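Welcome, and take a moment to turn the model around before reading on. We will walk through it together, a few residues at a time.

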Amino acid sequence: MSNGQGVVIAKRSISLSKTFLIIGIFLALLSVLISSLSGLIRYVGTAGIPINATSRGLDLGTALPLVSVAIQVFAAILFATPVLLLYVYDKNNGVLEYFLSLGMDQGDIYRQYLKASLILASGVVVLEVAVNFVAGLVVGTDVLRLLEVSSLVFALALPVVSFSTLIMMSFSSLQKQRVGANQPLGMAIGIFMVMPAYIVPLALPSLAIVIDFLLAAVIAVLSLLTYFSSSRLISREKLLP
Amino acid sequence: MRPLLEARGLRKHFPLRGGVLQRTQAWVRAVDDVSFEVAPGETLGIVGESGCGKSTLARLLLRLIEADAGVVRFDGEDLTRSKESRKRINYLSHYNALPEEMTVRSALEFYARIEGGDVDAVISLLSIENLKDKKISDLSQGQKKRISIAKVFLNERDLYLLDEPTSNLDPEVSKEVRDILLRLSKDRIVLYSSHNLYEANDVGTHLILVRDGTIGYFGKISDLESKEYRVGIKTTTDISKMIDAKLGDGGYYVLNVTTPQEAGLALKKLVENGVLVTEMRQLDNPLQELFEDNFSRRHPAKTEPRGES
């Protein structure tokens, strides 16, 4: 398949379901709002209310942008979900069988659908990072913090989307029923993977950045392992209708 | 002549699983030690009941599923290893394999991006200009099948493997689809699987009869047709003294012949004697007999206990 096939598959996925994209956009906006609250809180702090106003002395100005990272990653997972729908749809209609008949193997096929999910996820990630950055500057969030958050979103979102897409394609291949019932499971896996990114900024704020980057690295390695092993572990006949 | 396609000892057994742990309870012998070869220009009809292993055989030939044993060679190359040889083959499944949300033109462009080919040329070849801007989901089954065929003929290939291409189509559309396929695949090897004996007879020079995953018959259709068969003749007078025919079931005078010419000569003799022949038909078909010999009695389940595969 040519590189353009990933774009075609992405477009086909969007035409199949737009609901996930709408929810994804809603979450992306929510994440921008949460992240921007940090700047507002700082502003309130200068007016006489202490920044560390929580009973445990939590610095919300630092924590909220990091919490928004996990929400932005979830939005990326939602954007990639229609690709899983399309994968099941193509399997049931014999499109995957036809790809195999043209001499492709499981790895070639997985790569194209993975590429499509990364294209869709990257789209929303770029958008939410840009909006978040601009909104952060407007409300006066620290620029360094904004850069950290932006790079964390990229570092975490793409491996998580890759991993959940690969796992769900594998599950869908192994599933006997002709239904695409794996999407909720795919989202659950994605949420589970980024769960530490929700908790760590609140529990261990000083280590949050380091832990989040470590988490991104672990998920990236898991994605690569899944990619290289799935085409060996899942036989060709599992891709047939 | 050197065979272009050769299958040797192909075997595929599927496990039947059951119980909480999904342990293997038995094995289904979908394809069991199948061997045959096809020379250039031959059309091979693969016939058998539903579930007898035709589609599994087709999928094994293309390595859509991995064989437990055996080898498939195409022009001397092992098909399981050579991706280049696979590019000389195309496959039409009974699934249309079309992205239904696309228009006909975009769907063909989608496949042309993968395997190359001229979309405009194939639209013209299949005479589907009137459909090119329609969404595939809006087409009838027959129209979808035409588009599915169009994708297969985006490029010229040396071998076409057509797995039940007319299933779920009404007889008129089936014939149209069959005619298109045979016109476009002329002078190429064609493997045509069908559960319809007469269809295979129409398209094939050779026949493979698959029964319980094994080959019940493999040979030229013309060899079968040269065997003796019965012709029924209805007339208004007794013709038993004019030709060697006896009155049988259904009011037919039954004549045993080995070639169509013999039947023609008998008819000529009757007409010359002033006999009014009201009906003349072949009472049985050697292919039909072959089919019935293989399938009339129910076979025991084609499974074997765990561990014997």
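## Where the two chains meet

B:Arg59 is a good place to begin: with a relative accessible area of 15%, this residue is buried. Keep in mind as you look that this is a predicted model. B:Arg59 sits in helix α1 (residues 54-61) of chain B, and its partner across the chains is A:Glu97, in helix α4 of chain A. The two form a salt bridge, with their closest N and O atoms 2.9 Å apart. Is A:Glu97 buried or exposed? A:Glu97 counts as buried because its relative accessible area is 1%, below the 20% cut-off. Side chains of opposite charge can pair when their charged atoms come close.

Another bridge between the chains links B:Lys12 to A:Glu237, at 3.3 Å from N to O. Here B:Lys12 belongs to strand β1 (residues 5-18) of chain B, while A:Glu237 lies in the segment after α8 (208-233) of chain A. B:Lys12 is buried at 7% relative accessibility, whereas A:Glu237, at 24%, is partly exposed.

How many salt bridges are there between chain A and chain B? The count is three. Ten residue pairs are also in polar contact between the two chains, both residues being at pLDDT 80 or more. On the chain A side, the elements that give two or more residues are α1 (4-16), α3 (60-93) and α4 (95-101). The largest share, six residues, comes from α4(A), the helix that holds A:Glu97. By kind, the residues on this side of chain A are twelve nonpolar, eight polar and eight charged.

Now step back to take in the whole interface. In total, 28 residues of chain A touch 30 residues of chain B. The size of an interface is often given as the accessible area lost when the parts come together. For chain A and chain B, that buried area is about 2,400 Å², with 55% of it on carbon and sulfur atoms.

Let us look at chain B by itself. Chain B has ten helices and 15 strands, and buried residues make up 50% of its 309 residues. Among its contacts between residues at least 6 apart in sequence, 71% join residues at least 24 apart. One buried residue to find is B:Ile123, at 3% relative accessibility, in helix α4 (residues 119-125) of chain B. Beyond its neighbours within four places in sequence, B:Ile123 is in contact with B:Arg105, B:Leu108, B:Ile128, B:Glu129 and B:Lys132.

Chain B also has a salt bridge within a helix, between B:Lys175 and B:Asp179, whose closest N and O atoms are 3.0 Å apart. These two residues are separated by about one helical turn, because they are four residues apart in helix α6 (residues 171-184) of chain B. B:Lys175 is partly exposed at 45% relative accessibility, and B:Asp179 is partly exposed too, at 38%. Elsewhere, salt bridges that share partners join A:Arg12, A:Asp90 and B:Glu101 into one network.

Finally, how confident is the prediction for chain A? Its average pLDDT is 82, and 86% of the residues score at least 70. Among its elements, helix α5 (residues 106-139) has the highest mean pLDDT, 91, and helix α7 (residues 183-203) the lowest, 77. Over residues 45-50 of chain A, pLDDT stays under 50, and the model has two contacts beyond four places in sequence for them. In helix α5 of chain A you can find A:Asp108, whose side chain is joined to that of A:Arg111 by a polar contact of 3.0 Å.

Notes. Residues numbered from 1 in each chain as written. Chains lettered and ligands numbered in written order. Heavy atoms only, no water. Contact = heavy atoms within 4.5 Å. Buried area = accessible area lost by both parts, 1.4 Å probe. Salt bridge = Lys/Arg side-chain N within 4 Å of Asp/Glu carboxyl O. Polar contact = N/O pair within 3.5 Å; in protein donor to acceptor, adjacent residues only side chain to side chain. Nonpolar A, V, L, I, M, F, W, Y, C, P; charged D, E, K, R; others polar. pLDDT = per-residue confidence, 0-100. Buried < 20%, exposed > 50% of the residue type's maximum accessible area, 1.4 Å probe, protein only.
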